[in-house]
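Here are my notes on the aromatic contacts and the sheet. Please read them with the structure open.

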Amino acid sequence: MTDELVTRIEALGDRLAVAKAMIDKRFIGQEKVVDLVLASILCGGHALLVGLPGLGKTRLVDTLSTVLGLHGNRIQFTPDLMPADILGSEVLETAADGSRAFRFIEGPVFCQLLMADEINRASPRTQSALLQAMQEREVTIAGQHRPLGRPFHVLATQNPIEQEGTYPLPEAQLDRFLLQIDVAYPVRQAERDILLATTGATEAVVHAVFTAEELLSAQEVIRRMPVGDSVVEAILDLVRGCRPGEPEGAALAGTLAWGPGPRAAQALMLAVRARALLEGRLAPSVADVAALAQPVLVHRMALTFAARARGESLADVIAAATARSLGLEAAA
């Protein structure tokens, strides 16, 4: 590792510490959630936030757009939402001389940080409007390729309890999310701090710590961070050990209907670097792989009917696979 890279990593770590402290002023007591969302953005990826209403998911995204210096938009997904409501549409305009021409009106997807609120409430046709945007950072409308903002990130939310009138996301779209982040209830002291901070006459004000250009530079630094062979092998052992069709995952043949693909390994390779950076380290370790196994893998796997009938959960399966693949049985 060069001295120049070490200097950039250390400087970026200091800036991220300031950004986390700023976010903490408005999104209180959820440090793990903040770290995972920041890791996803630092990796250039998208995140799926799963939690009950009222836990501050919208507040978090709004705060992030300010602190990271990104232009943000929010879409409330509903069953009657159409693809054009997300992407935009062409309208026919008549000029003063009587000539007519089509003009494209951009939809809310043309931003840098898009909040897709309750994404599973829209129809599959509308959900699919985000597929090209999330993967290729562009959309195709009327045969024209239109690039989106740089950087471009989608933070989508889902309610894990209320399923009436929802359309589960297809596996191909779930795989586009770098991480699935579970937002749990705050602990008692954190909830007390929330009450005091949000029910008074004034609330904490945050300001930008990054610009869009600086965030792009940070994403480039992440990809330059070194990853040791032991960490690479741990990633491969874990991902391949969760595939029921592979020899490494043969023990899960009756438990998993399918396992994670190569995109899961790519996500882990990037996310472990981001986690190390957020914790002030210059390189990731095997412990980072274990810590990120759940948010990287949980939306890329499915239990068999027999496993669901036995009452098994993906969280338990991932925990056991992680301990087995990474040699953590004693710690587990």
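1. Start with the burial of two phenylalanines: F104 is buried, and F110 is buried as well. Keep in mind throughout that this is a predicted model.

2. The number of aromatic pairs comes to 1. The partners are F104 and F110, with ring centres 5.8 Å apart and planes at 70°. The pair counts as edge-to-face because planes over 60 degrees apart fall in that class. Both members of the pair, F104 and F110, are thus residues listed as buried.

3. F104 has a further contact, with a charged group: the charged end of R146 sits over the F104 ring, 4.0 Å from the ring centre. The ring of F104 therefore takes part in the edge-to-face pair with F110 and also lies under the charge of R146, which is within the 6 Å limit for such a contact.

4. A charge is also placed over the ring of F210. Here the charged end belongs to R15, and the distance to the ring centre is 4.7 Å.

5. Turning to the sheet, 5 strands make up an open sheet with parallel pairing, ordered β2-β5-β8-β1-β9. At its edges are β2, residues 72-76, and β9, residues 177-182, each of which pairs on one side only. On average, neighbouring strands are turned by 15° against each other, with direction ignored.

6. Within that order β8 and β1 are neighbours. Strand β1 covers residues 46-50 and strand β8 residues 153-158, and the two pair in the parallel sense over 4 bridges. One residue to check in β1 is A47, whose bridge partner in β8 is L155.

Conventions
Residues are numbered from 1 along each chain as its sequence is written. This is a predicted model: local features need pLDDT of at least 70, side-chain atom pairs count only at pLDDT 80 or more; totals for chains, interfaces and linings use all residues. Side-chain values use heavy atoms; hydrogens and water are left out. Rings of Phe, Tyr and Trp (its six-membered ring) pair if their centres lie within 6.5 Å; planes under 30 degrees apart count as stacked, over 60 as edge-to-face and the rest as tilted. Buried means under 20% relative accessible area, exposed over 50%, partly exposed in between (1.4 Å probe, protein chains only). A charge sits over a ring if NZ of Lys or CZ of Arg is within 6 Å of the ring centre and within 35 degrees of the ring normal. Two strands pair if DSSP finds at least two bridges between them. Axes are lines fitted to C-alpha atoms, for helices over the stretch in contact, and angles run from 0 to 180 degrees between N-to-C directions.
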